[in-house]
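Reader: I would like a close look at a single part of this model, taken slowly and with the confidence of the prediction kept in view.

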Amino acid sequence: MVDQPKVPPSGGSGETPARPAPAEGSTAAPSPKAGAAPGKPVAPKPALAPEPWSSPLLDELQKGFPGALSNATVFRNLPSITLAKEALLGVCEFLKSEEGGGYTLLTDETAVDYPKREKRFEIIYHLYSFARNDRLRLKVLVGEDEKVPSVVGLWPTANWLEREIYDMFGVQYEGHPDLKRILLPDGWTGHPLRKDYDILKQDVAWVQANLGIKSGQ
Amino acid sequence: MPVTLERIPGHEERVILSMGPQHPSTHGVLRLVLELEGETVVRALVDIGYLHTGFEKSFESLTYAQGITLTDRMDYLAPLSNNLGFCLAIEKLLGLEIPRRAQWIRVLLTELTRIQSHLVWLGTHALELGAMSVFLYCFREREDILRIFELVSGQRMMTSYFRVGGLALEPPLHWLRRVEKFVGEFPRRLAEYETLLTKNPIWLRRTVGVGQISAPDAIALGLSGPSLRASGVKWDIRKAEPYSSYDQFDFHIPTRPEGDVYARYLVRLDEMRESLKIVRQAMAGLPDGPINADAPHIVLPDRESMKTSIEALIYHFKLVTEGFHPPVGEVYQTIESPRGELGFYIVSDGSPKPWRCHVRAPSFANLQALTKIAEGRLIADVVACIASLDTVLGEIDR
């Protein structure tokens, strides 16, 4: 099963939002359903896919940054906005300010790799506003050779998070004060959380040179 | 290969000191590089990654149900909190509602986990500042809680007790008696620790005014949990975004305005009392009913029904060999772990294995504040600062 290519989730760059192979109702019961009692209460049917999001905040963002927002959806109560890379810092600054909702806490920043897409990385930001008790997800799509503007200036906590993304995915940041590996050693080659980095793969040369062992396995 | 600090020209007299990774007070394998002028820390550099095991990569090659066992090992002092966060994230993805009894048992056990985790923190914190006896007492009480975990799940630490859709198994008969015994005794024990520390002049000299951080700085650095509340920010995810029926429990959020090591100490002590309150309420009102959601395509059937029902047998086979298929989508679920905001970001492509599972580890963000709170302090204070942030390297290095 492992080498079978997974279909990346929809909602990104221009791919058709096709459902993957086991599409006949993923949450519904699989095949041996026929014998089950018909009146049995099954789990309530929640939305199966993200829905379009509308809110005053989104209207304001669209007014302030025309053309920068490409996809605003909500799934399981968490709105998610896809941004143009160029608008990222502006949008973040606005969201952090009081009139933008006061999203002063960057709880998380991470990346997801979709090797088949034209822009293979999604950089994900999760923001939290104490004033509104509200969360928001921002997404920026970047290609392999593109640099992402760093948000360390706005949220110092992004320092380590962006270093981790650089370490694990090889995403380059622009304006990061100290972009180097954080979990893996400096001399390591490869970025393990990329999809084309096999789970058993390792930097054999580094391991032999530094640990004096043939293999970590 | 090891990370080091560059010397600043003109300050050749300063000593560059490597502290760790095998230093007892760095809680696991944390390494600090300190630049010292006399005994004062001028610059501090945190070097992590010694415990990197690639959890996030492993998640992608395991089914959702198998992934639970990884979460135990991330924050190994609070395995049940991690189980809970992971299960809630998947349940959110599935849109699965779980029975009240399971929710209440989850609350009860995660609050015991919080007490247990805080006990390890208190014991080691005190030990590092020279109060040996507190360590022994804390580990004695912690053992009581671990025995309860063992009774319920069969494991002291790597419990994997919460499963997608409910619990792994029904707790044994009379297990609440053990909890009751602990809850009855613990307030007296807590008072005992307090007599040893809270007004102890040496303890006060080592902690009051040490490692201060203001609320805006703490937020900017992404601090959460007790470390943030000790800087005066009244924010607890159990109250702000209640999960697992926390909204039905009555408890306070302890905060302190000072933001120093002592404040973090007091906040955690108060938190143990509040957790105890929640445990009492959960025990008193524990509902009856099933412990698993009625979702045969997600929850494993019980062994008895497999002997008589062909559907149960087929579901079991499907779940064990293949796993369940959640809808395509992505969720972010947070819980208040003993260390702060623990978040699971799961991207599903509809297959039985997550496309991506990222963990927002509270310790990772909290540890980043160490440089800020330790610089300019004495080297002995660094030890107090590390302990007061209560980090677990397992979830930092993941």
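How many residues of domain 1 of chain A are in contact with domain 2 of chain A, and how many residues of domain 2 take part? Please describe that contact in detail, and then place it beside the contact with chain B.

Author: The model is predicted, and the division of chain A on which your request rests gives domain 1 as residues 51-183 and domain 2 as residues 184-217. Between these two parts, 13 residues of domain 1 are in contact with 12 residues of domain 2, while the C-alpha centres of the two domains lie 30 Å apart. The area buried between domain 1 and domain 2 of chain A is about 1100 Å², with carbon and sulfur atoms giving 48% of it. On the domain 1 side, the residues that lose the most area to domain 2 are Met168(A), Phe169(A) and Arg181(A), which together account for 52% of what that side buries.

The polar side of this contact can be described in similar detail. Between domain 1 and domain 2 of chain A there are 2 salt bridges, and in a salt bridge of chain A the side chains of Arg194(A) and Glu144(A) meet at 2.8 Å, taken from N to O. The count of residue pairs in polar contact between the two domains is 11, with both residues of each pair at pLDDT 80 or more. Helix H3(A) supplies the largest share of the domain 1 side, namely 4 residues, and by class that side consists of 7 nonpolar, 1 polar and 5 charged residues.

The contact between the chains can be set out in the same order. Chain A contributes 72 residues to it and chain B contributes 61 residues, and the area buried between the two chains is about 5600 Å², of which 61% comes from carbon and sulfur atoms. There are 6 salt bridges between chain A and chain B; Glu164(A), for its part, forms a salt bridge with Arg398(B), in which the closest N and O atoms are 2.7 Å apart. Across this interface, 24 residue pairs are in polar contact, again with both residues at pLDDT 80 or more. Several elements of chain A each supply at least two residues of the side that touches chain B, among them strand E5 (121-129), strand E6 (134-142), helix H3 (158-169) and helix H4 (204-211). The largest share of that side, 8 residues, comes from E4(A), and by class the side has 42 nonpolar, 13 polar and 17 charged residues.

Beyond these interfaces, the structure holds 49 salt bridges over all chains. Within chain B, for example, the side chains of Glu35(B) and Arg14(B) meet in a salt bridge at 3.0 Å, N to O. Glu35(B) lies in strand E2 (residues 31-37) of chain B and Arg14(B) in the segment before strand E1 (15-19), so this pair ties together parts that are 21 residues apart in sequence.

As for confidence, chain A averages a pLDDT of 78, and 77% of its residues score at least 70. Over residues 1-43 of chain A the pLDDT is below 50, although this stretch has 67 contacts in the model beyond near neighbours in sequence. For chain B the mean pLDDT is 89, with 99% of the residues reaching 70 or more, and for the complex the predictor gives an ipTM of 0.89 and a pTM of 0.87.

Key:
Residues are numbered from 1 along each chain as its sequence is written. Chains are lettered from A and ligands numbered from 1 in the order in which they are written. Side-chain values use heavy atoms; hydrogens and water are left out. Contact means heavy atoms within 4.5 Å. Buried area is the accessible area (1.4 Å probe) that two parts lose on being put together, summed over both. A salt bridge is a side-chain nitrogen of Lys or Arg within 4 Å of a carboxyl oxygen of Asp or Glu. A polar contact is a pair of N or O atoms within 3.5 Å; within protein, one must be able to donate a hydrogen and the other to accept it, and residues adjacent in sequence count only if both atoms are side-chain atoms. Ala, Val, Leu, Ile, Met, Phe, Trp, Tyr, Cys and Pro count as nonpolar, Asp, Glu, Lys and Arg as charged, and the others, Gly among them, as polar. Domain bounds come from an automatic or database domain assignment. pLDDT is the predictor's confidence in each residue, from 0 to 100.
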